[in-house]
Amino acid sequence: MNKEIFLCAINNILSGICKEDCQFCTQSIRYHADIERYNYKSIDTIVQEAQQAKANGALGYCLVTAGKGLDDKKVEFVAKASKAIKKKVDNLNLIACNGTATVEQLRYLKESGIDSYNHNLETSEAYYKTICTTHAWSERYQTCLNVKEVGLQLCSGGIWGMGESDEDRDSLLDAIVSLQPESTPLNFYIPNPALPIKSRNISKNEALDIIKKAKKLLGNDRLLMVAGGRELIFAGAEQAMFEAGVNSIVIGDYLTTTGDTPLKDQTMLEHIGYKVATSCHG
Ligand code: SF4
C-alpha cells in the first residue's frame with residue numbers, strides 16, 4: 001500500500017465577487033453569504049503564502065479566483081503571480097483554478113509556469129441545470145478538454161451531497177473518468193444558511209463508497225484527493241478514507257471555510273501511519 005499522502009494548499013487570491021448563481025457557492029454575490037470578499041491579493045503576499053505552504057509540506061499550490069472564467073486582466077494577474085512564485089519557491093506544482101478558459105488563455109498560463117489547471121465538473125450534466133442557470137455544464141467540460149489540449153495537467157472533480165441522485169453521482173464519476181485527469185478532488189458539500197441548497201445529502205459510508213468507486217475507475221497512478229468537507233465527514237475516520245483510496249488532501253483553509261491546521265493534519269497522518277509525500281514523482 002502506498003503510505004505517502006500528497007498535500008495541496010489553496011490560495012483564494014480573488015474572493016467572493018461572482019455574479020453567477022451556483023447554488024452551492026458562497027462566493028456568488030446573489031446569496032449574501034457572510035464570507036470575506038476582496039479584490040486581488042498583492043503578489044508579495046501570494047509568494048509569502050506559497051513559501052509558507054511549501055514549508056507546511058504542500059507539493060501542490062492552487063491559485064484560485066472567484067468568477068465564471070478568465071478574462072484578460074485575470075489571466076495577466078495569474079501569470080504574474082505564477083512567475084513570481086516560480087522565482088522564489090522550488091518544487092511546487094502550481095495549479096491555476098480560474099473558471100472557464102480558452103485554449104489561448106491556458107497556453108499563456110502554461111508558458112508562465114503554471115503546471116496544472118483545476119476545473120471541476122461539480123455534478124452531473126443533468127443535475128447541473130438545477131443548481132446553476134447562468135452557465136452550462138458543457139462549458140465546464142470544454143474547459144477541461146482545453147486544458148488537455150494545451151498539455152497542462154488536469155485536476156478535475158466535483159462536489160457530492162448537493163441533493164443529487166445516485167444516478168447523478170455515477171454520471172459525474174463517469175464524466176470525470178472520461179477526461180482522465182491527473183488529479184481528482186472530491187468535495188463534500190458544506191451547507192451555509194445563506195445558500196439555496198440547505199443541507200448535505202451524503203453520509204460517511206456513501207462518501208467512502210464514492211471514493212472506492214473513483215479509485216477503481218481512475219486507477220492507482222492518479223491523485224485522488226478529498227478536499228472541501230473532509231473535516232465534517234471524516235474527522236476521526238481519516239484512516240478509512242485513505243484505505244478507501246484517497247492519497248491526497250488539502251491542508252490549511254479552503255476557499256471560504258476553515259480547515260484543520262497543517263500541524264494537526266501532520267499529527268493525524270503520523271498517528272495513523274502515513275507519511276507526507278516529499279516529491280510529486282516519488
Ligand atoms: S462561477 Fe465559480 S465562483 Fe462563481 S458562483 Fe459559480 S462556483 Fe462560485
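Two strands are taken to pair if DSSP finds at least two bridges between them, and the exercises below apply this to a predicted model.

**Exercise 1. Strand E2 and its neighbours**

Determine which strands pair with E2, how they run relative to E2, and how the chain crosses between them.

*Solution.* Begin with strand E1 (residues 4-14), which is joined to E2 by 6 bridges, the two strands running parallel. Within this pairing, Asn 12 stands opposite Val 64 of E2. To get from E1 to E2 the chain passes through helix H1 (residues 43-55), and the resulting β-α-β crossover is right-handed.

Turn next to E3, which is also parallel to E2 and is joined to E2 by 5 bridges; here Cys 62 has Ile 95 of E3 as its bridge partner. The unit made by E2, H2 and E3 is again a β-α-β arrangement, and this unit is right-handed.

Finally, consider how well E2 (residues 60-65) is covered: 6 of its 6 residues are buried. Gly 60, Cys 62 and Val 64 point one way, whereas Tyr 61, Leu 63 and Thr 65 point the other way, and burial holds for both sets.

**Exercise 2. The two faces of helix H3**

Work out which residues of helix H3 (residues 103-111) are buried, and why they can be assigned to one side of the helix.

*Solution.* The first step is to list the buried residues of H3, which are Gln 105, Leu 106, Leu 109 and Lys 110. Because these residues cover an arc of only 140° around the axis, they lie on the same side of H3. The spacing can be read against a general rule: an α-helix has 3.6 residues a turn, so residues three or four places apart point the same way.

The second step is to look at the opposite face, turned away from the buried side, where the exposed residues Glu 104 and Glu 111 are found. The third is to ask what covers the buried residues of H3, and the elements that do so include helix H2 (72-88), strand E3 (93-97), strand E4 (116-118) and helix H5 (137-150). Just after H3, Gly 113 takes a positive phi of about 110°.

**Exercise 3. Loop residues and their backbone**

For His 32, Gln 180 and Tyr 38, establish in which loop each is found and whether each is buried, partly exposed or exposed.

*Solution.* The general expectation is that most residues other than glycine have a negative phi. His 32, which is not a glycine, nevertheless has a positive phi of about 55°, and its place is in the loop between E1 and H1. With 9 other C-beta atoms within 10 Å, His 32 is exposed, since 12 or fewer is the cut-off for that class.

Gln 180 also has a positive phi, near 50°, and is found in the loop between helix H6 (166-179) and strand E7 (183-188). Its 14 other C-beta atoms within 10 Å make Gln 180 partly exposed.

Tyr 38 belongs to the loop between E1 and H1 and is exposed, because it has 12 other C-beta atoms within 10 Å. Although Tyr 38 and Ile 13 are 25 residues apart in sequence, their C-alpha atoms are 8.4 Å apart in space.

**Exercise 4. The ligand shell**

Identify the residues that surround the ligand and sort them by class.

*Solution.* The surrounding residues are Cys 18, Glu 20, Cys 22, Cys 25, Gln 27, Ser 28, Ala 66, Gly 67, Lys 68 and Gly 99. Sorted by class, this shell contains 4 nonpolar, 4 polar and 2 charged residues.

How values were computed
Residues are numbered from 1 along each chain as its sequence is written. This is a predicted model: local features need pLDDT of at least 70, side-chain atom pairs count only at pLDDT 80 or more; totals for chains, interfaces and linings use all residues. A residue is near a molecule or strand if its C-beta atom, placed from the backbone, lies within 6 Å of it. Ala, Val, Leu, Ile, Met, Phe, Trp, Tyr, Cys and Pro count as nonpolar, Asp, Glu, Lys and Arg as charged, and the others, Gly among them, as polar. A residue is buried if 20 or more other C-beta atoms lie within 10 Å of its own, exposed if 12 or fewer, and partly exposed in between; C-beta atoms are placed from the backbone. Helices (H or I, at least four residues) and strands (E, at least two) are DSSP runs, numbered from the N terminus. The arc is that of the directions from the helix axis to the C-beta atoms. Two residues are in contact if their C-beta atoms, placed from the backbone, lie within 7 Å. A crossover is right-handed if, with the strands pointing away from the viewer, the path from the first strand over the helix to the second runs clockwise.
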